Amino acid sequence: MLDSIKEVLITQEALQERVAELGKQISADYKGEEVVLVCVLKGAVMFFADLARSIEGDVTLDFISCSSYGNSTQSSGVVRIMKDLDKPVEGKHVIVVEDIVDTGNTLHYLLENLKSRNAKSVRLVALLNKPDRRTVEVHVDYQGFVVPDYFVVGYGLDYAEQYRNLPYIGILKEEVYQSK
Ligand SMILES: O=P(O)(O)OC[C@H]1O[C@H](OP(=O)(O)OP(=O)(O)O)[C@H](O)[C@@H]1O
Ligand code: HPA
Ligand SMILES: [Mg+2]
């Protein structure tokens, strides 16, 4: 295990198992429907790639990039769209695929933004839900795991752009960000 990781919270195997379950559930719920899967870059990238492959049916992929954390472990509270979707979602079923709902700022902003584009429906699938830190209410339609109030990294989640390539979700040692 990496030196900067205090503890593995969710193993690679547990991630795979849960992602497959979510894929099954989504496939059943959207049977016979066309769905646009929206990846919220960059954090959701690993989850998105695995989830998309576990969904059976008529699926297209699109990408949006939001940022509110920068190089910090605290949300700036200001959400910016750095890259928008390529295609309009008007009249489409949209599933937003996100790595984590923490304060709720990003998803609150993004879900309202997508709903205003007149999609047929907009739902959220979040791999991780950290309810202890919530400052804005967000409805999570599908969730992978509830996590405690630690800054977690891996499987797409970063601290200052590092650790996204870890195959598991780990708790980052406090000294890594307190020394900065
Ligand atoms: O609920 P919140 O407190 O808003 O936090 C969740 C968001 O923060 C992270 O993104 P970040 O802004 O770090 O961009 P990244 O995905 O490129 O890492 C994460 O990927 C979520 O999108
Ligand atoms: O715990 C977290 N880890 C990484 N990125 C995040 N963005 C919001 N919360 C987190
Ligand atoms: Mg981040």
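1. The shell around ligand 1 is mixed in class: seven of its residues are nonpolar, eight are polar and five are charged. The model is a predicted one, and the description of this shell rests on that prediction.

2. Which residues come nearest to ligand 1? Of the 20 residues around ligand 1, these are G43, Y69, D102, T103 and T106.

3. Several elements supply the shell around ligand 1. Strands β2 (34-41), β3 (58-67) and β5 (93-101), together with helix α3 (105-115), give at least two residues each. The most comes from β5, which contributes four residues.

4. Ligand 2 is surrounded by Y69, I100, D102, F151, V152, V153, L157 and D158. By class, six residues of this shell are nonpolar and two are charged, with no polar residue. Y69 and D102 are listed around ligand 2, and they are also among the residues that come nearest to ligand 1.

5. How many helices and strands does the protein have? There are four helices and nine strands. Read from the N terminus, the order of elements is β-α-β-α-β-β-β-α-β-β-β-β-α.

6. The largest nonpolar core holds 43 residues, and V38, F47, I95, V96 and V97 touch the most other members. Elements that each supply at least two residues of this core include the helices α1 (12-29), α2 (45-53) and α3, and the strands β2, β5, β6 (121-129), β8 (152-153) and β9 (169-172). Strands β2 and β5 and helix α3 thus appear both here and in the shell around ligand 1.

7. V38 can be followed further. With neighbours within four places in sequence left aside, V38 is in contact with D62, I64, L85, V94, I95, V96 and V97. Of these partners, I95, V96 and V97 are, like V38, among the core residues that touch the most other members.

8. On overall dimensions, the protein has a radius of gyration of 16 Å, which agrees with the value near 16 Å for a compact globule because that is what the rule gives for 180 residues. The C-alpha trace spans about 50 × 35 × 25 Å along its principal axes. Of the 180 residues, 31% count as buried.

9. Contacts reach across the sequence: among those between residues at least 6 apart, 64% join residues at least 24 apart.

10. An unreviewed UniProt entry carries the annotation "domain: Phosphoribosyltransferase" for residues 13-159. In the model, this span is 25% helix and 32% strand, and its end C-alpha atoms lie 23 Å apart.

Conventions. Residues are numbered from 1 along each chain as its sequence is written. Chains are lettered from A and ligands numbered from 1 in the order in which they are written. This is a predicted model: local features need pLDDT of at least 70, side-chain atom pairs count only at pLDDT 80 or more; totals for chains, interfaces and linings use all residues. A residue is near a molecule or strand if its C-beta atom, placed from the backbone, lies within 6 Å of it. Ala, Val, Leu, Ile, Met, Phe, Trp, Tyr, Cys and Pro count as nonpolar, Asp, Glu, Lys and Arg as charged, and the others, Gly among them, as polar. A nonpolar core is a set of buried Ala, Val, Leu, Ile, Met, Phe, Trp, Tyr and Cys residues joined through C-beta atoms within 7 Å. A residue is buried if 20 or more other C-beta atoms lie within 10 Å of its own, exposed if 12 or fewer, and partly exposed in between; C-beta atoms are placed from the backbone. Two residues are in contact if their C-beta atoms, placed from the backbone, lie within 7 Å. The radius of gyration is taken over C-alpha atoms; the globule rule is 2.2 Å times the number of residues to the power 0.38. UniProt positions are given in the numbering used here, feature names are shortened, and annotations may be inferred rather than shown by experiment.
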